[in-house]
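Dear colleague,

I am passing on to you the structure that we spoke about, and I would be glad if you looked through it before reading my notes. The sequence and the coordinates come first, and my notes come after them.

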Amino acid sequence: MGVQDLRFVITGSGTGIGEATAKLAASKGAKVVVSDLNDEKGEAVAQAIREDGGAAVYEHCDVTDPDDVKALMEAAAEAFGGIDVLHNNAGIHETGLTDPGSCNIADMPIDVFKKVIEVNAVAPWICSKFALPYLRESHNASIINAASTGSQSAYPNNSAYGTSKGGIRLQTQNLAVDLAPLGIRVNCYGPTAIATNMVADYIKQSDDPAAFEQSLIATGLVPRLGQPVEVGELVCFLASPEAGFINGTYILIDGGSLAWRGTAADLGM
Ligand SMILES: NC(=O)c1ccc[n+]([C@@H]2O[C@H](COP(=O)([O-])OP(=O)(O)OC[C@H]3O[C@@H](n4cnc5c(N)ncnc54)[C@H](O)[C@@H]3O)[C@@H](O)[C@H]2O)c1
């Protein structure tokens, strides 16, 4: 079973965790609609999947634009006959939108705060709404949202992102309730730092990036950055029929960093 023949829509899958999940799901037999703002990168991901013998198409979509989102879901249904899995992956961090030194409340422009909330918490709701007519026809429907350890714990220069991820975590639970009568499961997951461009930008905003990266890693019981494909494996599991009893929940994927209050050095690691 697994994700074989499941039809995925993955937002923001031109790079990072979305790209890795698209490629992994396709390698496991899923049919994948890759979508992104960045057409060059998104097309390249779909092309790479097809060259590896997988099934994928690319569709441009700015997740904050309801017309784009509606067109994405229509294109997905046309390409593969329906939608089984919506992976609301597209996301941004304030460090990608403004001068890295301006990401605390004293200096951050209000529009930056609002934009992060719009992309990370409002847009997944819009995507879920427009995917609904197709998901309700599926026999194994689920929505999988990208939350973060930032949905339960604070970090420096992270107030917009943390607010958005706390929001998507509660949105997940509320949509799970709304959609349970339709047989649609809704879950989310919370990674700590995963090796992608987003985290590279976040680390760069520190006065001492090398030390800051070390401090992020040091709190983990698995003291390294996570890999995008490790998150992809979790998404594929949550999407699969084997996860049919998992609904309305948040799953940490953080190398144990929130399990305790020490650092790896305390354990001689
Ligand atoms: N990398 C991490 O450590 C980490 C940790 C926790 C959660 N996450 C979440 O995982 C998701 C993916 O993160 P990533 O690290 O792969 O980031 P990334 O920056 O590598 O990729 C994000 C992708 O989203 C796309 N995107 C941005 N705005 C968009 C929009 N309006 N419409 C459509 N696409 C848009 C970008 O073009 C990019 O391809 C995000 O929601 C992020 O918050 C990441």
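Below is what I found, going from the whole chain to single residues.

Please keep in mind throughout that this is a predicted model. The secondary structure of the protein amounts to 8 helices and 7 strands, and the C-alpha atoms fill a box of roughly 50 × 40 × 40 Å when it is taken along the principal axes. For 269 residues a compact globule would have a radius of gyration near 18 Å, and the protein agrees with this because its own value is 18 Å. Of the 269 residues, 47% count as buried. If one takes the contacts between residues at least 6 apart in sequence, 75% of them join residues at least 24 apart.

Strand β1, which covers residues 7–10, is a good place to begin, since both of its faces are covered. In a regular strand the side chains alternate between the two faces of the sheet. In β1, R7 and V9 lie on one side and F8 and I10 on the other, and all four are buried. The strand pairs with β2 (residues 31–36) in the parallel sense, over 4 bridges, and within this pairing V9 stands opposite V33 of β2.

V9 also leads to helix α3, as it is one of the residues touched by M73, whose place is in that helix, residues 66–80. Leaving aside residues up to four places away in sequence, M73 touches V9, I83, F130, A131 and Y134. M73 and Y134 are 61 residues apart along the chain, yet their C-alpha atoms are separated by 7.9 Å. M73 counts as buried because it has 23 C-beta neighbours inside 10 Å, where 20 or more are required.

Helix α1 takes up residues 16–27, and at 1.5 Å a residue its 12 residues should span 16 Å; the end C-alpha atoms are 17 Å apart, which agrees. The helix is mostly covered, with 11 of its 12 residues buried, among them G16, E19, K23 and L24. After α1 comes G29, which has a positive phi near 100°.

The same helix takes part in the surroundings of the ligand. There, 28 residues form the shell, and the closest are G12, G16, G91, S148 and T196. The elements that contribute two or more residues to this shell are α1 and α6 (197–204). By type, the shell divides into 13 nonpolar, 13 polar and 2 charged residues.

Finally, two backbone angles deserve a look. Most residues other than glycine have a negative phi. D5, however, has a positive phi near 70°, and N157, which is not a glycine either, has a positive phi of about 55°. D5 is found in the segment before β1, whereas N157 lies in the loop between β5 (142–146) and α5 (159–179). Are these two residues buried or exposed? D5 is partly exposed, because 14 other C-beta atoms lie within 10 Å of its own, while N157 counts as buried because it has 21 C-beta neighbours inside 10 Å.

With kind regards

How values were computed. Residues are numbered from 1 along each chain as its sequence is written. This is a predicted model: local features need pLDDT of at least 70, side-chain atom pairs count only at pLDDT 80 or more; totals for chains, interfaces and linings use all residues. The expected span of a helix is 1.5 Å times one less than its number of residues. The radius of gyration is taken over C-alpha atoms; the globule rule is 2.2 Å times the number of residues to the power 0.38. Two residues are in contact if their C-beta atoms, placed from the backbone, lie within 7 Å. A residue is near a molecule or strand if its C-beta atom, placed from the backbone, lies within 6 Å of it. Ala, Val, Leu, Ile, Met, Phe, Trp, Tyr, Cys and Pro count as nonpolar, Asp, Glu, Lys and Arg as charged, and the others, Gly among them, as polar. Two strands pair if DSSP finds at least two bridges between them.
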